[in-house]
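This report describes one helix, its neighbours and some aromatic contacts. Please look over the sequence and the structure before reading on.

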Amino acid sequence: MQIADYLGQYANTLANASASASASAQTAAAVTQSVASELTQMQTGAVFEGSINAMDGSKIVLGLGNGQTIAARLEGSVNLMLGQSVFFQVKSNDGNTIAIKPFMEGQTFNPTIQKALDAAGMEMTKDTMDMVNRMMEEGLPIDKQSLASMRQTLMQNPYVSLDTAVTMTKLGIPVNNQMAAQFENYQNDHHSMLQEMNKVMDGLSQVYAKAPASHLQQLNEQILSILQTDEGSTSNAQLFADPTQQAVADAKQPSQAVTADLPVIPNDAQKQAQDAAGIQQKEGVTEQATSQEVTSQEAEKQGTQAADGKEAAQPRQLAQLLTRHQTAQLEAQLKEVFPKAENLKLNTQLTAKEFLDAVARQLEQQPSADKAALGRLFSGKEYHTLLKEVMQEQWTVKPEELKTEHKVEELYQRLNRQMGQIEQLAKQTGMNTGQLSQAAAQVRDNIEFMNQINQAYTYVQIPLKMANQNAHSDLYVYTNKRNLRKKEGELSAFLHLELENLGTTDVSIKMLDKNVSTKFYLENDAAYDLIEAHLPQLQERLERLGYNCRITVENREEKVDFVEDFLQKSQPATAAAKGMVHRYSFDVRA
């Protein structure tokens, strides 16, 4: 409908219908000018209220809130009734003509929204009305300060959606572009840190192929420096060994150890629930038994050793990491770089970390190594395999290590530090292969998001290192941290695992004192049969630890919705959350 064209008609209507017979044409013109001025100042998207005083086809007379009326033309087919109060939105305004339309948005307008915006001194637009409405839906206050804060948040973070900003504010999570991106990743189940870590591992290995030959040795030293930890000094193990001695060592080389999966109980929850960790232990044994093709008896024996912290924690050696063909390839590449080792054999008893350190030390002693040969060594698949193994050792946690206090915290501190150094390396060298810097930044953002989440909730995802694979895991603890510290009430947790052989495996754990109730949820029949067959052994082990157990297995997936099923249900009690009735207040003095 067009308003400006009908303001002249309004003057005549006002003059004829005025309660005072002495009202003059000058008064009508002045009021007309006032109304016109008020309307022409409205910006596109602005909303105002008018009541239907008269209707004649497409022509209507609108009564405004100040008692004045205007004549307008209604465009389109809209069902209106006499006396109906309708909100209109400005479609366009060029200073002369204002096009408006009824503002319904498919629902009855809530007058509380208008009052809140008026009290906050905000113009009524679709965006501001949606903002207030979403805040009301989530039980947030809509006073002047709260609305101003939310509006500022949205203006400072234009790429963050209204729904995300409101939900994060309700949950007490700081809102910025990086945190919002992580929040939406978690909401959409795209949050696995292990995926981004794999991109970093692949990207870091690939930078060797992009580097100039003259810079390879320096680049290798920089990468090894980043991967250096405080857990011990550099090994002095020898890169090469006498052929006869090495043959004897190869014959005695044991088969790869099997590690059992223990459950993940981090931070505050760890002390209260680590004894219940055996719930997941048998699953790890059977999973590894399948992948290793060992008998169930061997798997059980080795799993017990892992649970006791023996043998399984030892890093794997070259003989376990490389095939015989790969070992021969690597040895040939090394002898091209170090010709004096022609009659020696590669020491396959070295761990991946010991090997990398040994190569670096050997290069320091032979700075004039052939650059082409060095390029073939560093860009070879075998060297990349060992470099990736070192990264996996540092960026994942073995199940048996979770019993060590602060192990997860140390993992995240190391990851955060090393990812920052990798970002700098990628930018400084200009070799951002496969978006290496971006993937490292994603890992850091993910860690910061979990750090913020754990201010009020107990959630962590842990990249687990198993015998032949790395596995993504999520742990949700459904209790507020105050009760967790006081050891009060029931501990309820949910563990989500993604395993190659068992598929998606979910475990629900409830523990009150020494009473433990556990449910396994498995997505395929084979995994269901495997776990069910070993339940008696699991139950027996838990009972030996003094627990009363009830364990069931279901052949279905039971995954947690991060926002709806976990954050919303686990939210610390607040005044708004305790009651069923939400009160909305605004500053009437504004």
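## Ala209 and its helix

Ala209 is a residue of helix α8. The model is predicted. Ala209 has a relative accessible area of 56% and is therefore exposed, since the cut-off for that class is over 50%. In sequence, Ala209 and Ser379 are 170 residues apart, yet their C-alpha atoms are 5.5 Å apart in space.

## Tyr208 and Tyr383

Tyr208 also belongs to α8, which spans residues 193-210. With a relative accessible area of 3%, Tyr208 is buried. The ring of Tyr208 pairs with that of Tyr383: the centres are 5.9 Å apart and the planes stand at 80°. Planes over 60 degrees apart count as edge-to-face, so this pair is edge-to-face.

Tyr383 is in helix α18, residues 381-395, and the two tyrosines are 175 residues apart, so the pair links distant parts of the chain. Tyr383 is buried as well, at 0% relative accessibility.

## Packing of α8 against α18

The axes of α8 and α18 are 10 Å apart and make an angle of about 145°. The crossing of α8 with α18 is right-handed.

On the α8 side, the contact is made by Met197, Val200, Met201, Asp202, Leu204, Ser205 and Tyr208. These meet Tyr383, His384, Leu387, Lys388, Met391, Gln392 and Trp395 in α18. Both members of the tyrosine pair, Tyr208 and Tyr383, are thus listed in this contact.

## Packing of α8 against α9

Helix α9 covers residues 216-226 and packs on α8 at an angle of about 165°, with 10 Å between the axes. Because of that angle, α8 is roughly antiparallel to α9. Here too the crossing is right-handed.

Leu204, Val207 and Tyr208 are the α8 residues in this contact, and they meet Leu216, Leu219, Asn220 and Ile223 of α9. Leu204 and Tyr208 appear in the contacts of α8 with both α9 and α18.

## Other aromatic contacts

The structure holds twelve aromatic pairs. One aromatic cluster is formed by Phe183, Tyr186, Phe449, Tyr457, Tyr459, Tyr476, Phe494 and Phe566.

A charge also meets a ring: the charged end of Lys514 sits over the ring of Tyr547, at 4.4 Å from the ring centre.

Methods:
Residues are numbered from 1 along each chain as its sequence is written. This is a predicted model: local features need pLDDT of at least 70, side-chain atom pairs count only at pLDDT 80 or more; totals for chains, interfaces and linings use all residues. Side-chain values use heavy atoms; hydrogens and water are left out. Rings of Phe, Tyr and Trp (its six-membered ring) pair if their centres lie within 6.5 Å; planes under 30 degrees apart count as stacked, over 60 as edge-to-face and the rest as tilted. Helices (H or I, at least four residues) and strands (E, at least two) are DSSP runs, numbered from the N terminus. Buried means under 20% relative accessible area, exposed over 50%, partly exposed in between (1.4 Å probe, protein chains only). A charge sits over a ring if NZ of Lys or CZ of Arg is within 6 Å of the ring centre and within 35 degrees of the ring normal. Axes are lines fitted to C-alpha atoms, for helices over the stretch in contact, and angles run from 0 to 180 degrees between N-to-C directions. Angles under 35 degrees count as roughly parallel, over 145 as roughly antiparallel, 65 to 115 as roughly perpendicular and the rest as oblique. A crossing is left-handed if the near helix is turned anticlockwise from the far one by less than a right angle, and right-handed if clockwise. Contact means heavy atoms within 4.5 Å.
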